[in-house]
Amino acid sequence: MKKIFTYCAFLITGISFSQNIQNNPKSNHGNKFEQLGTILPTPNTYRAASGAPGSEYWQQRADYDIDAFLNEKELRLEGSEQITYYNNSPDVLSYLWLQLDENEHNPNGESNYFNSSKVNQPVTDIQLDVLDPKKQLKDHGVNILSVTDANGKGLSYTVNYTMMRIDLPVPLKPKQQYIFKIKWNYKIPERMKVGGRGGFEYFEGDGNSLFTITQWYPRMCVYNDYGGWNNKQFTGRGEFALAFGNFKVKMKVPADHVVSATGVCANYAEVLSPEQLSRWTKSQTSDKPVEIVTLEEAKTKEKNPDHTNFKTWIYNAENVRDFAWGSSRKFIWDAMGIKQSDKNVMCMSYYAKEAYGLYNKYSTKAVAHTIRTYSKYTIDYPYPTAISVEAANGMEYPMICFNYGRTEADGTYTEKTKYGMLGVIIHEVGHNFFPMIVNSDERQWSWMDEGLNTFCQFLTEQEFDNNYPSARGPAYKIVDYMKLSKDQLEPIMTNSENINNFGANAYGKPCTALNILRETVMGRQLFDFAFKQYSQRWAFKHPTPADFFRTMEDASGVDLDWFWRAWFYDTDPVDISLDSVNAFTLTKAKEVERKEESVKVTRPDAPFEHISQVRNRESGMKFLVNIDTTLRDYYFYNKPTEEDYNTKMIRDKNAKLSAMTEDEFKKYENNYYYELVFLNKGGAVMPVIVQWNYTDGTSEIDRMSAYIWRKDENKVVKTFVKYKEVKSVVLDPFRETADINESNNNWPKMESKSRFDIYKSKRTGRFDTNDVNYMQKSKK
């Protein structure tokens, strides 16, 4: 039975609107949608193609038993430690590598000389001191006193700047463990002058110091399946890669000091007064912070320091990658317990009187809020404590972090200081999840902890207050960075040590990328499930970027290779232009004229013969189609004449068109058709988001995935059917794609006013009183 298909005919009349923007000169056929393929490492039994740990995944373990003495009088830290190292790898190890991070301050350290330096105006004494490391850092760096086996027999070792290799007397086989001991000391640096995470801050007003003891003990490097020993030097920028283990640490400090540390204190009854111990017990079930060491107690100790007596605080920590602590007689200490899953988590803050007005009100509550929010999006917080210490800087360690946020002398503070403090506390406490639990290699990929953590920080800030002034997160916040010239931009995947614009590249851009994935590309439901899956898969393990990329796709069912290319491996910005708009209306067509005609078609020439075909034919090869002629094709082998083709190609012109009836036309007569032309001027492919503003005052949004660019990465033409007349069109109305040029996102085109335009408009009376008030305020 012969079927006849009929299409209705219209006469289309339209008006074209153009931005007069030239086409992007790039080729229409790029590779932005190609799979990452060999860019990612090949999956294996250690790391699966799904992004999960493989069936034979392994990682090393290191347990520490440390005794430390804080010599406040001489500003020296003395220590001895016993390390038990477990070789869970399939490899035989003939030596072990340890990190000596405090050698960052060794005056002969290479990192003190390989960065460029210049003098900025106005010149300060600190700037001048930095130019002379040998003088500024005199006597700094780690002194290794002895390295022995468990029985006290000396071991051969070599110090290479911030790394130390211990040569084993007998190779360490798989599933074996090795115990060795190290004695050491170092001069504690004044970190406010020489820099660094750890050290002391001296308070001239009362003559006391606040100690932050971090990266302080010789600690094991990571040995893993993809990189072997991670012994890349510590220069102060790229942070850490560390093995999980258990710690028992004894800290001997001046008797009037209070110690805050990773883990749980095992001897509060010995180091606290009866009143303080009672407050500690009360805080565990309190729904608001309880001062365990009060403001008045701290002030009293500041005035009467004890430099002759000592106490030893003992802390234990299980399954952590590091250990840090703070010590000072200046500390005020408050705490409260919160229920997280099936356990009680002690949220605590330690701070000097200079921060009392802010930290006493906000810090511990911010810690609790961070633990609850991060647990919702990642994994339930597994540790028993979470601590915030005010130390005029920001740095993170398991269960403890150091932050900033001090009031003015009269106890007042600005809104900027308040939100800056809250942001740092949330960020640093959040690092408990990335990288303290999801233990990525910070020395290689800063974004895997800083970027993911900054993204979760943004979520936590927004749940703190929907109007929270987050510095990072919304897409438009990264636009100024993405506008920079190509020579100032680097891929997110750049190694930590080589990043120029560290804040934007390691924190801001990856945070923005994840927020775009969640809000614009994947949607919250798919993203949140996949992100949580990644966190659960790699908790207490060592993930790589490929593990993250693969898990996000595996758990969501969304192909994101184009996104990883654009945001993590490339530097092209987003700039999608609404190049032109053609508006169409419909008119009913008349009866279609039919006409039969013979179309002359020339028989195709014989196809081009490649060299193999020529030689096969010349050799007299017998081809199957010549042996069995039923396999021959009529047109090419029987060589039809021109007349044969013409006979076959007779057709009915307009055979598939017919005129509409009045009833049929009524279904379309009130429709509006808009043909939009989009140009990809920035290079990065992204979803296209169109807001239609109608003449009746209503609006509507259409969203098209990035796949709209898959066949032409530079230009897309898309026609929309609307049932109301459109007044204007806006691309990316919520500024969610990080488009760097919003001036080409509108139809009709809208000019954005500069500061000069506002000033001029005010003088001519073309702005309302709000604009006048703005200018008056700006003059004050």
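Which residues are linked with Asp-206 in a network of salt bridges? Select Glu-302, Lys-330, Lys-353 and Glu-354 together with Asp-206 to see the network. Keep in mind during the tour that this is a predicted model.

**Strands β3, β4 and β9**

Select residues 61–71, which are strand β3, and residues 76–86, which are strand β4. The two strands pair in the antiparallel sense, over eleven bridges. To check one position, pick Phe-69 and look across to β4, where Glu-78 is its bridge partner. Next, go to the turn: four residues lie between β3 and β4, which form a hairpin. Leu-75 is in this turn and has a positive phi of about 55 degrees.

Now add residues 177–187, strand β9. β9 and β4 run antiparallel and are joined by eleven bridges. Here, pick Gly-79, whose bridge partner in β9 is Trp-184.

**Helix α14**

Move to residues 561–569, helix α14. This helix is largely enclosed by the rest of the structure, because eight of its nine residues are buried. Among the buried residues are Trp-562, Trp-564 and Trp-567, along with Phe-563 and Phe-568. To see what the buried residues of α14 pack against, show α9 (447–464), α11 (502–521) and α13 (545–556).

**Salt bridges**

The whole structure holds 33 salt bridges. Three single pairs are next on the tour.

Start with Asp-256 and Arg-329, whose side chains meet at 2.7 Å, N to O. This pair links distant parts of the chain, 73 residues apart: Asp-256 is in the loop between β15 (245–254) and β16 (258–261), and Arg-329 is in the loop between β20 (325–328) and β21 (332–340). Asp-256 is buried, at 9% relative accessible area, and Arg-329 is also buried, at 1%.

Return to α11 for the salt bridge between Arg-518 and Asp-528, again 2.7 Å from N to O. Arg-518 is in helix α11 and Asp-528 in helix α12 (residues 524–537), ten residues apart. Are the two residues buried or exposed? Arg-518 is buried, with a relative accessible area of 5%, while Asp-528 is partly exposed, at 22%.

Finish with Arg-703 and Glu-736, a salt bridge whose closest N and O atoms are 3.0 Å apart. Arg-703 is in strand β32 (residues 699–704), and Glu-736 is in the loop between β34 (726–731) and β35 (746–747), 33 residues apart. Arg-703 is partly exposed, with a relative accessible area of 46%, whereas Glu-736 is buried, at 11%.

Methods: Residues are numbered from 1 along each chain as its sequence is written. This is a predicted model: local features need pLDDT of at least 70, side-chain atom pairs count only at pLDDT 80 or more; totals for chains, interfaces and linings use all residues. Side-chain values use heavy atoms; hydrogens and water are left out. Two strands pair if DSSP finds at least two bridges between them. Buried means under 20% relative accessible area, exposed over 50%, partly exposed in between (1.4 Å probe, protein chains only). Contact means heavy atoms within 4.5 Å. A salt bridge is a side-chain nitrogen of Lys or Arg within 4 Å of a carboxyl oxygen of Asp or Glu.
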